[in-house]
Number of protein chains: 2
Amino acid sequence: MTVMENLAKIFPKNNYDNQDKVLLAVDCIIFGFDDDELKLLLIKRNFQPEKGKWSLMGGFLGMNETLNDAASRVLNNLTGLNDVYLEQLSVFSDLERDPVERTVSVAYFALINIKKNDKKLIRANSAQWFSLSEVPPLIFDHNEMVQKAIKQLRYKTSIQPIGFELLPDKFTMRQLQKLYEAILNQSIDKRNFSKKISQLDILLKLDEKDTISSKKGAYLYKFDEKKYRQKAANGFVFKL
Amino acid sequence: MTVMENLAKIFPKNNYDNQDKVLLAVDCIIFGFDDDELKLLLIKRNFQPEKGKWSLMGGFLGMNETLNDAASRVLNNLTGLNDVYLEQLSVFSDLERDPVERTVSVAYFALINIKKNDKKLIRANSAQWFSLSEVPPLIFDHNEMVQKAIKQLRYKTSIQPIGFELLPDKFTMRQLQKLYEAILNQSIDKRNFSKKISQLDILLKLDEKDTISSKKGAYLYKFDEKKYRQKAANGFVFKL
DNA sequence: TCAAAAGTGTTCACCGTACACCCATGG
DNA sequence: CCATGGGTGTACGGTGAACACTTTTGA
């Protein structure tokens with residue numbers, strides 16, 4: 001029996017009876033990377049209100065799940081993926097953000113490998129990938145959430161190598177650089193970039209080469225998660 | 001008539017009827033600075049559950065206020081202060097975090113000038129300032145909230161001069177340094193510190209001296225908010 | 001006159017940034 | 001053989017960090 005269960009016994013449920021309750025939702029800002037571009041997965045709402053308009057994928061918090069659970073559930077419903085990088089962003093609680101009813105929403109941002117998601121599920125949800133530069137007007141305060149998520153993604157990327165979640169398992173230095181350029185929205189010198197990345201010492205250089213995009217062929221790398229965790233645990237700073 | 005009001009007319013309130021609602025609370029981690037130490041304002045709960053134990057100051061979200069409103073209200077009730085630096089930290093939603101009833105809580109952190117708070121109100125709430133090193137065990141997951149707030153305070157301080165909220169209007173370079181040392185929990189070379197601060201060019205050096213703590217007397221400074229805002233607007237980075 | 005805090009400059013190591021040429025290969 | 005992308009090293013300036021002595025004045 002946990003401490004909490006003990007407490008629940010000692011203190012009967014009789015204290016918060018007069019308090020208002022609200023609807024709590026989660027909304028997911030889902031990032032992917034393809035064609036050298038950062039993309040966002042949006043759904044076309046097939047229910048009222050705002051049916052037919054573009055929206056973030058969201059859902060309500062159930063009584064028997066945490067907010068992280070709810071966000072995972074929502075993400076899984078849309079993409080079929082589990083164990084996705086997911087991070088709480090911020091809470092939105094404006095009184096009229098949802099015209100139907102007072103709803104407070106917790107925005108989550110997720111990074112997924114765009115090749116791995118389940119195309120059938122995405123179609124079933126009438127979802128679609130949008131380039132960041134072509135994000136349409138979204139319902140409620142969802143555009144604001146997206147802006148905040150982009151800002152957070154840029155910040156996070158600059159201090160932690162989370163970007164790998166967005167790439168295939170094996171990738172070239174060039175692909176990684178393109179990803180960083182897309183996230184940070186600026187071009188990077190390739191010599192400085194590869195130097196910086198190499199000295200982080202969290203990549204595994206494979207013997208294979210990728211010959212699709214060049215004649216010479218470019219070495220493939222893997223993210224070395226074990227090394228990364230060790231270094232992270234020792235307080236290593238991954239500033240890019 | 002706002003867009004939201006229009007929408008509310010077009011789409012009647014009939015969509016979310018089957019969804020669970022939860023209690024939403026705010027909890028405030030309130031920092032102050034005194035005697036060269038960072039302190040935390042905690043209350044002794046005078047109601048069940050956990051009556052008599054130490055806790056963060058908190059309250060429930062009402063139907064007609066945003067979370068920021070709720071946090072301000074809670075803070076005002078305890079300190080009598082308005083216009084306090086307040087920032088949303090993170091949401092806590094573990095199923096059993098509150099043994100009485102499922103409650104989701106949004107943690108806020110606040111920085112206040114310890115000299116300005118209303119001593120009567122604090123006494124009325126049986127609140128007390130604790131040094132960071134002497135924070136007692138708190139109810140629920142409040143210790144976890146405190147840890148997260150400290151981390152965030154350290155991070156924020158290193159990229160933005162928010163620490164001024166914690167000092168009196170006029171302060172010496174020494175006091176400012178002590179504050180940074182307390183927040184970052186490390187000692188700083190005073191030559192490097194004053195050089196760094198001076199070159200940020202956001203302080204106003206006054207003609208007055210503070211002669212309380214030394215015979216020679218130390219120049220007093222003011223935070224130059226106008227200059228700061230200008231620089232911040234131009235993308236100036238305040239890295240300490 | 002002395003104790004206690006204030007105030008102030010220089011040096012060095014490291015890091016970020018700018019920058020250009022040769023290599024391998026498929027067509 | 002040439003066009004295309006891959007791969008690599010160096011030089012410079014700026015910033016963070018270490019470090020010590022003089023000044024003032026009340027007691």
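**Helix packing and a DNA surface in a predicted model**

In this predicted model, helix α4 (residues 142-159) of chain B packs against helix α5 (residues 173-184) of chain B at an angle of about 135°, and their axes are 9 Å apart.

Student: Why is α4(B) called oblique to α5(B)?

Tutor: The angle is about 135°. Roughly perpendicular covers 65 to 115, and roughly antiparallel needs a value over 145. The angle fits neither class, nor is it under 35, so α4(B) is oblique to α5(B).

Student: Which residues make the contact of these two helices?

Tutor: From α4(B) come B:Leu153, B:Arg154 and B:Thr157, and from α5(B) come B:Tyr180, B:Ile183 and B:Leu184. By class, four are nonpolar, one is polar and one is charged.

Student: What makes B:Tyr180 count as nonpolar in that division?

Tutor: Tyr is on the list of nonpolar residues, along with Leu and Ile, whereas Arg is listed as charged.

Student: How do you know that α5(B) and α6(B) are roughly perpendicular?

Tutor: The axes of α5(B) and helix α6 (residues 190-200) of chain B cross at roughly 100° and come within 11 Å. Angles from 65 to 115 count as roughly perpendicular, and therefore the pair is given that name.

Student: Which residues meet there?

Tutor: On the α5(B) side they are B:Met173, B:Arg174, B:Leu176, B:Gln177 and B:Tyr180. On the α6(B) side they are B:Lys190, B:Phe193, B:Ser194, B:Ile197 and B:Ser198. Five of the contact residues are nonpolar, three are polar and two are charged.

Student: What surrounds DNA strand D?

Tutor: There are 18 residues around DNA strand D, and the closest are A:Lys190, A:Lys195, A:Tyr219, B:Asn192 and B:Lys196. By class, the surface has 12 charged, four polar and two nonpolar residues.

Student: What makes the pair between B:Asn192 and DNA strand D a polar contact?

Tutor: A polar side-chain atom of B:Asn192 lies 2.9 Å from a base nitrogen of the strand. The cut-off for a pair of N or O atoms is within 3.5 Å, so this pair counts. For B:Lys216, a polar side-chain atom lies 3.2 Å from a base oxygen of DNA strand D.

Student: Which element gives the most to this surface?

Tutor: α6(B) does, with four residues. The elements giving two or more residues are α6 (190-200) and β10 (218-223) of chain A, together with α6 of chain B.

Student: How much of the nearby DNA is sugar or phosphate?

Tutor: Of the atoms of DNA strand D within 4 Å of the protein, 37% belong to sugar or phosphate, and the rest belong to bases.

Technical notes
Residues numbered from 1 in each chain as written. Chains lettered and ligands numbered in written order. Predicted model: local features only at pLDDT ≥ 70, side-chain atom pairs only at ≥ 80, totals over all residues. Heavy atoms only, no water. Axes fitted to C-alpha atoms, helices over the stretch in contact; angles between N-to-C directions. Contact = heavy atoms within 4.5 Å. Near = heavy atom within 4 Å. Polar contact = N/O pair within 3.5 Å; in protein donor to acceptor, adjacent residues only side chain to side chain.
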